[in-house]
Amino acid sequence: MSLESILRELGKEIQKDERFIKLQACAKANDADEELQKQMQELQLMSLKFQQEMQKGEEADKDRITELQTQYQGLYNEIMQGENMQNYSAAASEMEQVAQYISGMIGLFFDGQDPETCELPDPEDCTHDCSTCGGCH
C-alpha cells in the first residue's frame, strides 16, 4: 500500500469519526441560523468600517475607531454566546485535539519512533523547558 493510499484511508476514517460528523452538523446548524448569519455579516461590515478608518492614517477619527472596536467586541461576544456557536466551538475544539494527536504521532514517526509502541507524552508532564522534552508537538 502506498503512502498516498494510506493517507487517503486516514482521511476516510477521520470523516467517519463521530467528532468530525458532529462538527459538520454544527457547521450546518450555523449556516441555517438566519440570525447568526445576519450577525456575522454585520461583524464583517464593522470590520471593513474599522479597516477603512484605520487606513486614513493620521486623519483617522480615534473616537470612531474606539466606537467600532467596542461595537465589534460586543457583537462578537453576543455571537460567541449563542447556542449554535457554542456547540460549533466545542465540536471544533474536539476536532483540533484529534488533529494535534495525529500531527503529534506523525512527528514521532518522523523522529524514528516505533509506530507500534510509541505514545505521545502526557501534556501534564510538560516543563516548558524544551531541553527536557521528549516531544509533544
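Select G112 to start: just after helix α5, this glycine takes a positive phi of about 90 degrees. Keep in mind as you click around that you're looking at a predicted model.

**Stop 1: helix α5**

Now step back along the chain and select residues 83–110, which make up α5. How many residues does α5 have, and what span should they give? There are 28 of them, and at 1.5 Å a residue they should span 40 Å; the end C-alpha atoms sit 41 Å apart, which agrees.

Next, highlight M85, A91, M95, V98, G104, M105 and L108, the buried residues of α5. Which helices help to cover them? Turn on α1 (3–16), α2 (18–32), α3 and α4, which are included in that cover.

**Stop 2: the segment after α5**

Pick L120, which lies in the segment after α5. Its relative accessibility is 26%, so L120 counts as partly exposed. Show its neighbors: leaving out residues up to four places away in sequence, L120 touches Y101, G104, M105 and L108. Try a distance label between L120 and M105: they're 15 residues apart in sequence, yet their C-alpha atoms are 6.7 Å apart in space. You've met M105 already, as one of the buried residues of α5.

**Stop 3: α2 against α5**

Go back to α5 and click N87. Is N87 buried or partly exposed? N87 is partly exposed, with a relative accessible area of 35%. Now find A29: it's 58 residues from N87 along the chain, but the two C-alpha atoms are separated by 9.3 Å.

Both residues belong to the contact between α2 and α5, so show the two helices together. Two packed helices are described by the angle between their axes and the distance between the axes. Here the axes come within 9 Å and cross at roughly 150 degrees. That makes α2 roughly antiparallel to α5, and the crossing is left-handed.

For the side chains, select R19, F20, K22, L23, C26, A27, A29 and N30 in α2, which meet N84, M85, N87, Y88, A91, A92, E94, M95 and V98 in α5. Color this contact by class and you'll get eleven nonpolar, three polar and three charged residues.

**Stop 4: α4 against α5**

Swap α2 for α4, residues 62–81. The axes of α4 and α5 come within 5 Å and cross at roughly 75 degrees. The two helices are therefore roughly perpendicular to each other. What meets what here? I79, M80 and Q81 in α4 meet E83, M85, Q86 and S89 in α5. By class, this contact has three nonpolar, three polar and one charged residues.

**Stop 5: α3 against α4**

Keep α4 on screen and add α3, residues 34–54. Their axes come within 10 Å and cross at roughly 160 degrees. That makes α3 roughly antiparallel to α4, and their crossing is left-handed. From α3, the contact uses L36, Q39, M40, E42, L43, M46, S47, K49, F50, E53 and M54. From α4, select R64, I65, L68, Q69, Q71, Y72, L75, Y76, E78 and I79. The class count for this contact is twelve nonpolar, four polar and five charged residues.

**Last stop: E53**

Finish by zooming in on E53 in helix α3. Is E53 buried or exposed? E53 is buried, with a relative accessible area of 9%. Show what E53 touches, skipping residues up to four places away in sequence: E59, A60, D61, R64 and I65. Among them, R64 and I65 are part of the α4 side of the contact you've just looked at.

Note on methods. Residues numbered from 1 in each chain as written. Predicted model: local features only at pLDDT ≥ 70, side-chain atom pairs only at ≥ 80, totals over all residues. Heavy atoms only, no water. Axes fitted to C-alpha atoms, helices over the stretch in contact; angles between N-to-C directions. Helix = DSSP H or I, 4+ residues; strand = E, 2+ residues; numbered from the N terminus. Parallel < 35°, antiparallel > 145°, perpendicular 65-115°, else oblique. Left-handed = near helix turned anticlockwise from the far one by under 90°. Contact = heavy atoms within 4.5 Å. Nonpolar A, V, L, I, M, F, W, Y, C, P; charged D, E, K, R; others polar. Buried < 20%, exposed > 50% of the residue type's maximum accessible area, 1.4 Å probe, protein only. Expected span 1.5 Å × (residues − 1).
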